[in-house]
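This report looks at how the chains of one model meet, what lies in the interior, and how the cysteines are placed. Please read it with the sequence and coordinates at hand.

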There are 4 protein chains.
Amino acid sequence: VENGKLAYQWASNYMSILHKIKQKNQKGNPLFGFKLGLCLHITRETSVLVMTARDLGAEIALCSANPLTVNQEICTFLSSEGINTFAWRNETDEEYNSCIRSVLDFKPDIIIDDGSDLHIAAHKYKSKRVCGGTEETTSGVKRLKSLQTKKRLLYPVIAVNNAFTKYMFDNRYGTGQSVIEGIIRATGVFLGGKKIVICGYGWVGRGVAATARGMKALVIITEIDPIRALEAYMDGFYVKPLIEVAEIGDIFITCSGQKEVIRQEHIERMKNGVILTNAGHFDVEIDVKYLKSMDCNPVRLLPYVDCYSFDGKKVYLVAQGRVVNLVCADGNPSEIMALSFANQLLSIIFIAKND
Amino acid sequence: VENGKLAYQWASNYMSILHKIKQKNQKGNPLFGFKLGLCLHITRETSVLVMTARDLGAEIALCSANPLTVNQEICTFLSSEGINTFAWRNETDEEYNSCIRSVLDFKPDIIIDDGSDLHIAAHKYKSKRVCGGTEETTSGVKRLKSLQTKKRLLYPVIAVNNAFTKYMFDNRYGTGQSVIEGIIRATGVFLGGKKIVICGYGWVGRGVAATARGMKALVIITEIDPIRALEAYMDGFYVKPLIEVAEIGDIFITCSGQKEVIRQEHIERMKNGVILTNAGHFDVEIDVKYLKSMDCNPVRLLPYVDCYSFDGKKVYLVAQGRVVNLVCADGNPSEIMALSFANQLLSIIFIAKND
Amino acid sequence: VENGKLAYQWASNYMSILHKIKQKNQKGNPLFGFKLGLCLHITRETSVLVMTARDLGAEIALCSANPLTVNQEICTFLSSEGINTFAWRNETDEEYNSCIRSVLDFKPDIIIDDGSDLHIAAHKYKSKRVCGGTEETTSGVKRLKSLQTKKRLLYPVIAVNNAFTKYMFDNRYGTGQSVIEGIIRATGVFLGGKKIVICGYGWVGRGVAATARGMKALVIITEIDPIRALEAYMDGFYVKPLIEVAEIGDIFITCSGQKEVIRQEHIERMKNGVILTNAGHFDVEIDVKYLKSMDCNPVRLLPYVDCYSFDGKKVYLVAQGRVVNLVCADGNPSEIMALSFANQLLSIIFIAKND
Amino acid sequence: VENGKLAYQWASNYMSILHKIKQKNQKGNPLFGFKLGLCLHITRETSVLVMTARDLGAEIALCSANPLTVNQEICTFLSSEGINTFAWRNETDEEYNSCIRSVLDFKPDIIIDDGSDLHIAAHKYKSKRVCGGTEETTSGVKRLKSLQTKKRLLYPVIAVNNAFTKYMFDNRYGTGQSVIEGIIRATGVFLGGKKIVICGYGWVGRGVAATARGMKALVIITEIDPIRALEAYMDGFYVKPLIEVAEIGDIFITCSGQKEVIRQEHIERMKNGVILTNAGHFDVEIDVKYLKSMDCNPVRLLPYVDCYSFDGKKVYLVAQGRVVNLVCADGNPSEIMALSFANQLLSIIFIAKND
């Protein structure tokens with residue numbers, strides 16, 4: 001309990017906006033009588049959101065949006081505080097679904113989700129009490145829009161992801177720091193003077209590029225959208241097609257949100273010792289299948305670095321191509337999560353008031 | 001063995017200059033017949049230096065310059081390669097001295113040291129075979145100069161530390177990256193917009209300031225040397241006396257090489273939640289004694305963060321005031337250590353040739 | 001003629017996109033038979049737009065959107081090329097209106113305007129042949145929207161100003177360079193270490209802030225919009241209310257697009273020797289009337305710097321509070337104007353094709 | 001008189017260190033009874049030095065160190081203040097020498113020089129009263145050292161140029177701003193995204209590189225010294241041999257202090273429309289003779305831009321290859337000159353006290 005509590009306290013320090021929202025809404029106890037069902041990445045920041053909602057009167061059941069990202073000490077702490085916590089590290093698929101069922105059995109009035117697994121399950125099991133919900137991610141919103149198109153969406157959901165204060169600060173500033181930190185932590189390489197190729201100049205790419213330049217790296221941008229490419233050019237970065245810079249990059253970071261950005265024709269041209277990393281949400285931006293087809297037995301050199309050897313060269317893949325800031329570092333900092341979770345909390349209060 | 005070997009190979013990738021020096025000097029086997037006694041921080045980078053020297057013909061005995069920084073897997077690997085390795089993690093003082101004695105019993109011709117403990121011991125036990133040596137640090141050089149003044153220095157020593165390619169690159173660029181990385185890794189705080197007070201604008205301070213600005217922090221410099229202060233001002237930093245900015249800083253980083261830079265009168269003015277870290281070699285720049293006198297029972301919030309509570313506020317001390325980049329991160333990157341160790345290797349070859 | 005031609009050629013070098021649009025549209029001679037009436041700032045960049053439109057078949061009459069910004073050599077050159085040019089440096093109000101009338105007497109089919117003076121006149125005199133037009137500025141678009149609301153707009157107008165490639169590149173990048181250059185050219189001050197207060201963090205403010213930081217100035221942002229203020233904070237700038245930083249700024253730059261941003265209560269707190277400049281379109285952001293009420297006889301110290309003396313201090317006003325990059329430097333660079341004028345040219349061709 | 005006085009007052013604002021030196025030394029009137037002979041660039045900053053020396057009791061005669069850089073209004077002002085001023089704009093060689101003679105005829109006790117023309121003349125005419133002097137430039141110091149070697153130096157001279165506060169601030173910070181400003185003022189080009197090749201990474205090169213990056217240019221460094229090249233690399237710049245980047249640079253700036261840095265083999269590879277500029281003291285870094293051999297009749301496109309046409313391309317030479325910040329802009333800012341002139345003034349007082 002103690003470690004989880006300390007981690008919760010630490011994160012609280014940097015999330016004072018949640019505290020302010022609590023103070024402003026404390027009169028009337030706006031969440032009193034409401035049951036919240038949450039399906040989120042269980043981190044120290046999440047515990048701050050959960051505790052704040054409880055302090056505003058809510059009853060809460062919580063499961064994890066991802067079996068791999070559960071912080072066990074936080075689970076222990078939240079349980080000790082009377083939060084119904086259905087989550088543990090390394091759940092099996094069956095356990096994962098069972099946890100979601102447990103949250104639904106709790107009969108939530110409001111559902112807070114990250115990826116929409118809980119929303120979809122609520123629809124499947126026709127939970128009748130739900131009066132509204134929120135969704136944190138783009139991909140989760142997509143799934144709900146599909147339901148809406150089929151006129152099967154049973155309750156209104158607020159797309160928290162679409163808030164400017166979410167995607168701009170979260171994607172640009174938060175990810176900018178945490179991706180670069182994840183790469184240093186995983187590989188130990190010195191970034192000064194390294195040629196870092198950043199694929200995509202959206203909010204994430206802009207943030208990563210700015211931080212990489214701040215570390216004195218030599219940043220090269222690849223971008224297929226012409227206006228973004230022009231923006232990158234005027235921001236003072238080299239802008240080139242990926243195929244042309246494949247052979248000169250020391251480190252590649254995919255930030256595009258697209259599939260198979262780095263493919264066979266690029267990897268073939270890359271130099272010996274190249275490092276490949278992904279900053280996008282899903283592990284689809286680097287063609288890992290191709291790497292495995294060339295070397296089915298890569299060597300794990302460092303905890304998060306696999307070495308693929310073929311064609312007389314070595315290719316280092318970080319975190320198996322999964323999102324580097326969450327796997328190799330601690331994800332977005334508390335200050336940034338505070339902005340996302342402020343939107344979540346305000347949305348919950350809004351739904352409760354307008355029930 | 002395997003992990004140590006992989007770590008050695010990883011570091012080798014980024015230290016190709018040692019490989020080049022080896023190739024250039026391979027004819028004639030310049031270190032053949034020489035016994036080297038080394039007392040260094042045992043890291044993956046050190047293993048690259050050791051293996052290169054062995055490949056040039058040297059016989060080698062190795063102990064650690066610091067009981068806390070021993071990489072056990074590297075020790076195992078080096079032993080498996082036939083290097084006489086007298087070191088293990090968490091040596092007691094007695095064991096530490098015994099390891100140094102073991103290296104001297106090996107009767108080295110050349111001594112390579114980091115801090116001069118091995119040099120001093122060689123003088124104490126009047127090792128007769130030593131024909132020369134090197135010293136990596138400023139403080140080690142000081143001890144040797146003191147011997148020289150008393151006309152008691154028994155053999156010539158090259159002060160590798162004084163090379164421009166050592167102190168400039170090591171201190172400015174290497175430390176610039178690793179200190180900032182250590183702070184993020186230890187605390188998880190977001191640096192964008194944080195007011196970071198950097199005490200001292202020497203090589204280390206310049207490097208840390210540049211990287212902190214690159215992370216979008218708001219950097220404030222304190223510096224008592226007027227020309228350095230003017231340089232910091234023209235580099236676009238706020239420059240103020242420490243006492244005046246004590247109450248506005250979010251994070252303080254000491255980079256001065258001086259004693260008791262951050263003292264009672266500063267800490268008293270600091271705000272609640274301030275973070276104190278040290279980037280200097282010794283743990284003397286922050287007055288930890290004062291903190292302990294105010295709160296004899298600090299809480300360890302995170303593995304490297306202690307919370308001192310007094311006067312109604314909390315002060316977070318990172319790594320107990322010890323050097324943050326070595327304690328909380330991996331020290332200087334391989335690319336930077338390669339420059340220092342190139343000087344070491346060239347010095348060893350020079351001594352051997354001029355024996 | 002020669003100087004105007006050379007200036008036209010120089011600008012052409014950096015506006016190749018207009019050349020490419022010409023080449024792509026040359027077949028069919030899309031502007032043949034169309035009369036264009038233009039009311040623009042007559043600069044070397046404008047001559048490139050005019051010559052390109054002529055090469056695509058148009059007949060052209062041109063007057064100036066501002067009597068003070070006429071480049072006389074460009075007028076001479078354009079006249080020599082057969083363009084009907086009704087403009088000269090320092091026109092009186094009467095002459096200015098007479099020039100506009102001359103363009104209307106030319107009976108244009110398409111009107112290209114900067115500020116909408118020509119559009120308004122065309123409505124007043126009920127020009128019947130006009131089939132469409134474009135407008136470059138925000139304020140011009142406002143006047144036309146007012147006509148539209150009253151159902152009195154006689155022909156469709158494309159708001160070129162609203163294109164992302166106009167306001168982002170023009171306002172952020174172009175103005176970022178030219179405002180800083182204008183300040184240096186007017187005052188000669190060294191920017192390194194200077195405390196520069198930038199009022200407003202819209203596109204112009206962002207651009208000016210980035211360039212000022214690039215010159216190693218110490219940048220402070222004032223911004224009333226909370227999300228923009230947070231963005232400025234995370235970009236690593238000091239963010240404060242203007243009233244709090246009035247007494248510490250060395251240079252103030254208004255970039256807000258609002259009226260009376262810098263007022264009596266701010267100026268009263270400012271220090272001796274402060275420099276006030278405006279980067280907004282209109283000369284309303286600094287309360288010049290207040291300055292004049294305090295010192296009705298300011299001294300012109302340098303060609304673009306007036307010194308107001310009162311309350312025992314001196315306040316330096318640059319360019320009488322008018323937009324510093326156009327008055328003290330050459331306005332936006334050719335590369336940036338090329339983007340705006342590409343939109344203009346494509347709009348003209350679109351209108352001609354859809355007549 | 002009025003304009004010169006205003007310009008003097010403007011510069012005084014930014015040179016308060018001279019005022020402080022005056023205040024500190026005012027007792028005892030240390031320069032009373034001394035005649036100073038000065039040979040300096042006659043700028044507004046110089047007038048501040050001259051007036052301060054006069055206020056400390058000196059009698060003064062002044063001539064110009066360069067016939068082209070004389071500020072006529074400053075001459076008029078100084079004359080009106082009783083300074084013996086022997087200088088005017090565009091002196092002939094004969095007039096230039098005559099002015100120097102006039103200063104010697106004044107029988108100075110102390111000589112302050114920039115280039116050593118006055119010192120050499122004093123030796124030629126065996127001025128007997130001179131008890132000491134100062135010299136501002138590297139090249140001037142060279143000439144005096146040559147005299148010293150031949151044991152013909154008649155009085156001690158302080159090499160003001162060698163002060164750390166002169167060469168570091170003057171060369172890095174001052175030149176960094178003024179060179180970039182000179183290029184923008186001369187050509188009007190937008191620097192964002194431009195590939196700027198900087199030849200040499202000494203103090204000037206470092207300053208220009210930092211400012212160019214601050215303007216969002218893409219900076220490439222060429223440097224033959226390996227340690228400086230490594231420094232540039234770790235500072236995050238592209239570092240390449242000039243011959244390899246000749247064909248990709250948009251703008252070249254020589255900052256090397258060497259002769260014929262940009263030569264035929266480089267110019268032949270450059271692309272159409274390239275801009276060549278020099279930031280070094282002498283006009284020898286770009287091989288202008290080669291350009292003239294290829295096009296003996298270059299066209300002056302803009303006041304400071306000559307277009308050489310040959311081999312089917314155009315090469316734009318700025319300021320005929322002379323130092324761009326002095327020719328196209330106002331040289332170093334007052335704040336920077338204040339540091340140089342503080343050294344001058346302290347040296348003069350020292351000489352007077354130790355006569």
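How many residue pairs, both at pLDDT 80 or more, are in polar contact across the interface of chain C and chain B? In this predicted model, the rule finds zero such pairs across that interface.

## The interface of chain C and chain B

The search for salt bridges between chain C and chain B likewise returns zero. The two chains nevertheless touch, with 17 residues of chain C in contact with 17 residues of chain B, and about 1,300 Å² of area is buried between them, 61% of which comes from carbon and sulfur atoms. On the chain C side, the residues that lose the most area to chain B are C:Lys216, C:Tyr233 and C:Tyr238, which together account for 39% of what that side buries.

## Symmetry of the pair

Chain C is superposed on chain B, with an RMSD of 0.1 Å, by a rotation of 180° that has 0.0 Å of shift along its axis, and this is the relation of a two-fold axis. The residue of chain C that comes closest to the rotation axis is C:Leu218, whose C-alpha lies at 4.9 Å. Because 100% of the interface residues of chain C are also interface residues in chain B, the copies meet through the same surface.

## Nonpolar cores

In soluble globular proteins, nonpolar side chains tend to be buried together. The largest nonpolar core here has 75 residues, and those with the most contacts inside it are C:Trp10, C:Ile198 and C:Ile253 together with D:Trp10, D:Ile198 and D:Ile253. A second core, separate from that one, has 74 residues, among them A:Trp10, A:Leu302, A:Cys307 and A:Ala319.

When neighbours within four places in sequence are left aside, D:Trp10 is in contact with several residues of chain C, including C:Thr187, C:Val189, C:Ile275, C:Leu301 and C:Tyr316, and also with D:Arg44.

## Cysteines without a disulfide

Over all chains, a search of the whole structure finds zero disulfides. For B:Cys255, the nearest cysteine sulfur is that of B:Cys199, 7.4 Å away, whereas a disulfide would need the two sulfur atoms within 2.5 Å. B:Cys255 is buried, at a relative accessible area of 8%.

D:Cys328 is also in no disulfide, and the nearest cysteine sulfur, belonging to D:Cys255, is 14 Å away. With a relative accessibility of 5%, D:Cys328 counts as buried.

Technical notes:
Residues numbered from 1 in each chain as written. Chains lettered and ligands numbered in written order. Predicted model: local features only at pLDDT ≥ 70, side-chain atom pairs only at ≥ 80, totals over all residues. Heavy atoms only, no water. Buried < 20%, exposed > 50% of the residue type's maximum accessible area, 1.4 Å probe, protein only. Least-squares fit on C-alpha atoms with pLDDT ≥ 70 in both. Contact = heavy atoms within 4.5 Å. Core = buried A, V, L, I, M, F, W, Y, C linked by side-chain atoms within 4.5 Å. Buried area = accessible area lost by both parts, 1.4 Å probe. Salt bridge = Lys/Arg side-chain N within 4 Å of Asp/Glu carboxyl O. Polar contact = N/O pair within 3.5 Å; in protein donor to acceptor, adjacent residues only side chain to side chain.
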